[in-house]
Amino acid sequence: MTAALQVHSAWNCFSLQKNLTMKTSVLCLALAAFVSCSLFYPELPPGGARGLNKLISSSDTCFLVSAVAYPANFDWQKDSNYQSAPCTLLLFRNEKRVLELPAGAEAGIGVSPNQHHLIDDSIFTEYTDERGTQVKKNGESVLWWEEPEKLLGLLYKDGILHSLGQSEDNNVLTYREDGLPVLKIEGGIACGGFGCNGYGATGALYEESEHVCFAYYTGDNISQTAVLVMDGIPETVMAVTGARVMDARIINREKLVLYEKLRTSILSADGVSQKIDAGVGLMWYNANLIEYDGHHAIAGRVRRKLGGLQSAIGWKDEIVFMDSGSEYIYCDGKHCPDIHELLKRNAGCYFFHRDCAVQLGKELAAVFTPQDMSESPFLEVGGKMLKYNLNGYLTGVAVEKGE
């Protein structure tokens, strides 16, 4: 993997919380305006995507696929000027190109994949420089503030755009409404974020019972405090000594905190605690709260006594291991498809971050970019492919919500 791209697969929750400097490579994403919803036509107009196989034409599923495209002869894997090179942010709706935007500094659209967010059938982009932070929706500026921040969450509700961001030095967490600060938390570390297991398209911000919520923790290796925020009002739900907070959320109106103490993972639900046992010789290295099979559970990485990490889902004294090879876990509460086989089958391709796959019940749809630039990037779902005719790479996929 080239130096320009090797950091992408490492952007999990903890690197997002602790290391928010921009180290990811060029990428450009895309946006939405939408037309017909047949899936993967075999015959496409010039310049469009071309399916390797005849794919399902009767499906009602419409995929939004984001990409970055460069001029035909530009080697985006090797060129050290990738951040200033001309590129275009693209969005496909299945095989149809529906949006093209110039990206980069002049356009005020960041080129990192972690600066692009497919939310509610639109593309939100962030761009940060010495002048501050700019957020665009479908290429139109919607937010701007003077402090440089890395976004951890974006959520539209009742005509207000809520945001959660971390300062460049990681010392301040700021919650805003339409760009205006509501809370500034010194030393705060957000729970969750974009591309984190257990969190959706809106990142660390989420809705619970019509309220806008997020959580954070403060403290050090001696003592930590978990705080839940609802509609801008913080509430301390746990202060523990000798513990490490892993996650905190409100789920079905229950206030949950997941923490590790004395090598034991503990889930507190409205103040009632239970151990989440990983088994003999195992311990949870990191995890996030999820709902699975009708009960509270956690999804994350288990550290084996003799070394090595493996992804798993656990609750009480039960655990389900996923195949090793990826820290990404997908679970809709009922089904938990494993991405390992997809990654293994496409080992010669870039899979930049968690949002390069989307769950469809028991299976996953994922976008890959071959390292061999003579091959086209593609969307794979159900063992079938849809190829895209462009010099560049695919950076994300989502399912269009529709009406």
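Which salt bridge do the side chains of Arg97 and Glu100 form, and at what N to O distance do they meet? I looked this pair up first in my notes and found the two side chains meeting at 3.1 Å, N to O, where a salt bridge is a side-chain nitrogen of Lys or Arg within 4 Å of a carboxyl oxygen of Asp or Glu.

I noted that the model is predicted, that local features need pLDDT of at least 70 and side-chain atom pairs pLDDT 80 or more, while totals for chains, interfaces and linings use all residues. Residues are numbered from 1 along each chain as its sequence is written, and side-chain values use heavy atoms, with hydrogens and water left out.

**Salt bridges.** My search of the whole structure returned twelve salt bridges. For accessibility I took buried as under 20% relative accessible area, exposed as over 50% and partly exposed as in between, with a 1.4 Å probe and protein chains only. Arg97 is partly exposed at 33%, and Glu100 is partly exposed at 47%. Arg131 and Asp129 meet at 2.6 Å, N to O; Arg131 is exposed at 53%, whereas Asp129 is buried at 15%. I then looked up Lys157 and Glu210, whose closest N and O atoms are 3.3 Å apart. Lys157 lies in strand S8 and Glu210 in the loop between strands S13 and S14, so this pair ties together parts that are 53 residues apart in sequence; strands here are DSSP runs (E, at least two residues), numbered from the N terminus. Lys157 is buried at 13%, Glu210 exposed at 59%, and both belong to a salt-bridge network with Asp158 and Glu207.

**Aromatic rings.** I counted 14 aromatic pairs, taking rings of Phe, Tyr and Trp (its six-membered ring) with centres within 6.5 Å, and calling planes under 30 degrees apart stacked, over 60 edge-to-face and the rest tilted. The ring centres of Phe352 and Tyr393 are 5.5 Å apart with planes at 65°, so I entered this pair as edge-to-face. Phe352 sits in the loop between strands S25 and S26 and Tyr393 in strand S30, so the pair ties together parts 41 residues apart in sequence. Both residues are buried, and they belong to one aromatic cluster with Tyr70, Phe74, Trp76 and Tyr350.

**Sheet.** I traced an open sheet of four strands in the order S21-S22-S23-S24 with antiparallel pairing, where two strands pair if DSSP finds at least two bridges between them. S21 and S24 stand at the edges with a single partner strand each, so one side of each is left without a neighbour in the sheet.
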